[in-house]
Amino acid sequence: MATPRPEPKEATPDGRIADNIVYFARTLRKAGMRVGPASVKDAIEAVLAAGIGSRDDFYWTLHAVLVSRHEDHPTFDETFRLFWKSHELIEKMLVMFSPVAPNNREKQKPRAAENRVSQAMFEGHQKNQPVQEIPEIEVDARFTLSGNEVLRGKDFAQMNAAEMTDAKKAIAELRLPFDMVRTRRFKSNAHGRRIDPRAMMRSAARTGGELILPKFRSPREVHPPLVVLADISGSMSQYTRIFLHFLHALTEKRRRVHAFVFGTRLTNLTRQMRHRDPDAALADCSAAVMDWSGGTRIGDTLAEFNRLWSRRVLAQGAVVLLITDGLERDDVAGLSEEMERLHKSCRRLIWLNPLLRFDGFEARARGVKAMLPHVDEFRSVHNLDALADLCASLDKNSARSVDPRRWIEGGGRSAA
C-alpha cells in the first residue's frame, strides 16, 4: 500500500521564501539564463498558490515558470541542487577536515554547467571580500599559456557564462573550410582549356556570324553539401548547443547546409538555422525540438533519416557530421545496418564524439562498436581546438590520428 503524499504547506508572502526565490533567480541570470522580473514575480505567485510539498513539487513549480528553453534545463537543475541543498556543501566540508583515509576512488565526471553555476552563486561573496595586497612578482612567461590558449583547450561543459560568450565569438571567427568539389557543369573562363561552343555561337550571333571568336570554359567548383546529425540527449545537449553556433556560422558563409537533431525522434532544423541572428536561430531551434535533453534512439532516428531525407540532401559528394556519444539505449541490431547505409550514401562520414576528451576512453560500448566500422574519421568535439581541427580537416585528407580502425583494432588510445 502506497504511503499518502504529505499535504503541501502553505507559503506566506511575509516569509523568507520570496526573498530566496529572488536570490535564486539572480543566480540563474548570472549563470546565463534569461530570467526577467516578470518571471520572478510569476514564480513567487506560483509557489504561493501551489504551496510547498515535497522537494520535487517545489522543483517543478519553479521549473515550469523559470525555464523557457530546453538548453537551460541543465543550468536550472545544477543551480537548484546547489542553492536549495546547502547541507550537501557542509557535509563535503566536514569530510575535507576529518582525519580519514584518503579517498582513492575515481573522480566523478563534472556536471554540465557546474562551473558557471558555482561562479554565479559565489560572485557576490567574492566581491564583498576585502582586497588583499599581493606583492608584485616578475614571472618569465615565455613558456606559459595565454588566456586565449586556455580557453581554446577548455571543455565546453565546464565554461562559465563569460567564457561561453567568448567561445561563441571565437567560433564565429573560425577559419571556415574551403572544401571545393568539381562538378560536371562548366562555367565561362577566359583561361580555361576547353572550347565553349555555345558561348562562341552566342557571340557570333551578335555580329551576324561575320566574326567567330574562341570562347573557353572550365569545370565549376562548389562547396559540397554539409549535413549535420546532432544528438540532443541529456549527455550531449551541452555540446550540441555550442556546436549549433558553429553550424550557424557555416550556414551564413555557404549554401546547402542541412541541420538535423535527434533524441527519441528526428527534427529538421535547416530552416531555423537560416536566421541571421544566432541567438534568435537557437531560440527557434529550441522551440521546434520537443525531445531536448531526453533519451536517445540512434538506430531508429538514423533509419528515419535514411528513409525520408537521404536522397534529398546526400547528393553531389555530401559530407556528414554525426555528433553523438554512441551510447545507444535500444537494441543495436539495426544500428550497424543503418550506419552502413548512411556511410555508402555520402562521400565522407565524420563522427564527433565528446567522450574522446577522456584519456581512458575505450570502444567498449555496444553502440560504439556497431558504429565505428562505418565512419571515415573519429574525432572529439569538446573544445575550440577540436572545432578548429575539424575545420582544417574538411578540406584535407584524413589523418592517421582520427582513423577509426585504430580504435577497433586496439580499443583505445594506446593503439596509436
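User: In what order do the six strands of the open sheet stand?
Analyst: This is a predicted model. In it, six strands form an open sheet with mixed pairing. Strand 6 (266–268) and strand 9 (377–379) each have a single partner strand, so they stand at the edges. From one strand to the next the twist averages 20°. The order is 6-5-4-7-8-9.

User: In which sense do strand 4 and strand 5 pair, parallel or antiparallel?
Analyst: Strand 4 covers residues 226–231 and strand 5 covers residues 257–262, and six bridges join the two. Val227 stands opposite His258 in strand 5, and Asp231 has Phe262 as its bridge partner. The sense of the pairing is parallel.

User: Which helix belongs to the β-α-β unit with strand 4 and strand 5?
Analyst: The unit is made of strand 4, a helix and strand 5, and it is right-handed. The helix spans residues 237–253 and is helix 11.

User: How many residues make the hairpin connection from strand 5 to strand 6?
Analyst: Strand 5 and strand 6 pair in the antiparallel sense over three bridges. Within this pairing, Val261 stands opposite Thr267 in strand 6. The hairpin joins the strands through three residues.

User: How many residues of strand 5 are buried?
Analyst: In a regular strand, side chains alternate between the two faces of the sheet. On one side of strand 5, Val257, Ala259 and Val261 are buried, and on the other side His258, Phe260 and Phe262 are buried. Both faces are therefore covered. The count is six of six.

User: Which strands stand at the edges of the three-stranded sheet?
Analyst: The three strands form an open antiparallel sheet in the order 1-3-2. Strand 1 pairs with strand 3 (residues 216–222) over five bridges, and there Ser188 has Arg217 as its bridge partner. Each edge strand has a single partner, so one side of each is left without a neighbour in the sheet. The edge strands are strand 1 (181–188) and strand 2 (194–195).

User: Is Arg81, which forms a salt bridge with Glu78, buried or exposed?
Analyst: The closest N and O atoms of Arg81 and Glu78 are 2.5 Å apart. Both residues lie in helix 4 (residues 73–83), three residues apart, about one turn of the helix. Glu78 has a relative accessible area of 2% and is buried. Arg81 is at 12% relative accessibility, and because the cut-off for buried is under 20%, Arg81 counts as buried.

User: Is Lys344, the salt-bridge partner of Glu340, buried or exposed?
Analyst: Glu340 and Lys344 are four residues apart in helix 15 (residues 335–345), about one helical turn, and their closest N and O atoms are 3.1 Å apart. Glu340 is partly exposed, at 33% relative accessible area. Lys344 has 65% relative accessibility, and since exposed means over 50%, Lys344 counts as exposed.

User: Which residues are linked with Glu377 in a network of salt bridges?
Analyst: Glu377 forms a salt bridge with Arg348, with the closest N and O atoms 2.4 Å apart. This pair links distant parts of the chain, as Glu377 is in strand 9 and Arg348 is in strand 8 (residues 348–352), 29 residues apart. Glu377 is buried at 0% relative accessibility, and Arg348 is buried at 8%. The residues linked with Glu377 in the network are Arg348 and Arg379.

User: How many salt bridges does a search of the whole structure find?
Analyst: Among them are the Glu340–Lys344 pair and the Glu377–Arg348 pair. The total found is seven.

Definitions and conventions:
Residues numbered from 1 in each chain as written. Predicted model: local features only at pLDDT ≥ 70, side-chain atom pairs only at ≥ 80, totals over all residues. Heavy atoms only, no water. Pairing = 2+ DSSP bridges. Axes fitted to C-alpha atoms, helices over the stretch in contact; angles between N-to-C directions. Salt bridge = Lys/Arg side-chain N within 4 Å of Asp/Glu carboxyl O. Buried < 20%, exposed > 50% of the residue type's maximum accessible area, 1.4 Å probe, protein only. Right-handed = clockwise from strand over helix to strand, strands pointing away.
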